[in-house]
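Colleague: I am new to reading protein models and would love some help. Could you take me through one part of this one slowly, with the charged side chains as the theme?

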Amino acid sequence: MENKQCYMCDAHATSVEHVPPKCLFPTIKDSGKNHRVDLITVPSCDKHNGEKSRDDEFLMVCIAGIIGNNSIGYQHYHGKIQRALKRTSYKLLDKVFLKKRFYHFHDDNEFLEILWGTPDYQRLIKCFEHIAMGIYRHHYGTNFKGKVKPYLGFLHSNEPNPKAFKELIQHKTAKELENQPKLGSNQEVFYYQYTTPDQFGIFLVKLSFYENVDVYVSYLPEGVEKPSHLGFELVNRGIKTIINEDGKSFEFN
């Protein structure tokens, strides 16, 4: 580690960091299969490794139990995550969700409890920024210099135009990633894909968890100015706008 640089800063690395966090990957105890094989690690300093342990647990609780995840996410939620919640007398939920409400359903003597809540959004963004920086270091062998901006495609939003914007992002990235390999040794839990840089040098990574939770992170290298887009300028001003992509129309406002 003494000759390696931390994946997040200029400090010397003193340990390794798992990206994504190791706690997202179930063991045999919870899924019947050990998914903690060939996990991605990057060099890290004490600050950026030690301060993340609570964020890792926070991220695990946020995404593993989402409805629509595959069976591995489901088993992980009812195993490791339930143990973590019980260990804290469910106080952990208060640290994860700013607002929450439980819904209970009964059907033919079966009971189902669903949590609908508002997670700590800024904390989630920070978690995925770290993962994006770590995946870049692993993939390219060097630190990324510039800004990263995550888009959390799995969240439902009360902001204007969320559905249209999500569909546009998914359409554009699906086209750009069509011929790009899915990378990662435990793809039922996590895989990633990179687009090629555009004419401005901007590119994107898709991070996919439990085959349902998709996060898109754009990379803006140092010295590159964010290009303007007339359509999005109109959208941001609340003006009715239709953006056409490959024969498909996406209506905003």
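Modeller: Happy to; here is a walk from the whole chain to its salt bridges, and then to one buried acidic residue.

Please keep in mind that this is a predicted model. Let's begin with the overall picture. The chain has 253 residues, and 41% of them count as buried. Eight helices and 10 strands make up its secondary structure. The radius of gyration is 20 Å, close to the 18 Å that the globule rule gives for this length, so the chain is as compact as a globular protein of 253 residues. Along the principal axes, the C-alpha atoms fill a box of roughly 55 × 50 × 35 Å. If you take the contacts between residues at least 6 apart in sequence, 57% of them join residues at least 24 apart. About 15000 Å² of the chain is exposed, and carbon and sulfur atoms supply 49% of that area.

Now to your theme. There are 33 positive and 31 negative side chains, and the centres of these two sets lie 4 Å apart. Side chains of opposite charge can pair when their charged atoms come close. Here the count comes to seven salt bridges, and I will show you some of them.

Start with R123 and D55, whose closest N and O atoms are 2.7 Å apart in a salt bridge. R123 sits in helix 6 (residues 121-140) and D55 in helix 3 (residues 53-63), so this pair links distant parts of the chain, 68 residues apart. How does each partner sit, buried or exposed or in between? R123 has 21% relative accessibility, which means that it counts as partly exposed. D55 has 9%, so D55 counts as buried, the cut-off being under 20%. The pair also has company: D55, R123 and K126 are linked in a network of salt bridges.

Helix 3 gives us another example. E57 forms a salt bridge with R87, and their closest N and O atoms are 3.0 Å apart. E57 lies in helix 3 and R87 in helix 4 (residues 71-87), so the pair ties together parts that are 30 residues apart in sequence. E57 is partly exposed, with a relative accessible area of 23%, whereas R87 is exposed at 59%.

For a further pair, look at K175 and D246, which form a salt bridge with closest N and O atoms 2.8 Å apart. K175 belongs to helix 7 (residues 162-176), while D246 is in the loop between strand 9 (241-245) and strand 10 (248-252); the pair links distant parts of the chain, 71 residues apart. D246 is partly exposed, with a relative accessible area of 49%.

Finally, find E17 in strand 1 (residues 15-18). Why does E17 count as buried? Its relative accessibility is 3%, and buried means under 20%, so E17 falls in that class. Which residues does E17 touch, leaving aside those up to four places away in sequence? The list is Y7, I40, T41, V42, S44, H48, N49, K52 and D56. Take H48 from that list: E17 and H48 are 31 residues apart in sequence, yet their C-alpha atoms are 8.4 Å apart in space.

Terms used
Residues are numbered from 1 along each chain as its sequence is written. This is a predicted model: local features need pLDDT of at least 70, side-chain atom pairs count only at pLDDT 80 or more; totals for chains, interfaces and linings use all residues. Side-chain values use heavy atoms; hydrogens and water are left out. Helices (H or I, at least four residues) and strands (E, at least two) are DSSP runs, numbered from the N terminus. The radius of gyration is taken over C-alpha atoms; the globule rule is 2.2 Å times the number of residues to the power 0.38. Buried means under 20% relative accessible area, exposed over 50%, partly exposed in between (1.4 Å probe, protein chains only). Contact means heavy atoms within 4.5 Å. Accessible areas come from the Shrake-Rupley method with a 1.4 Å probe; for residues, only the protein chains shown count as cover. Lys and Arg count as positive and Asp and Glu as negative; His and the chain ends are not counted. The place of a charge is taken as NZ of Lys, CZ of Arg, CG of Asp or CD of Glu. A salt bridge is a side-chain nitrogen of Lys or Arg within 4 Å of a carboxyl oxygen of Asp or Glu.
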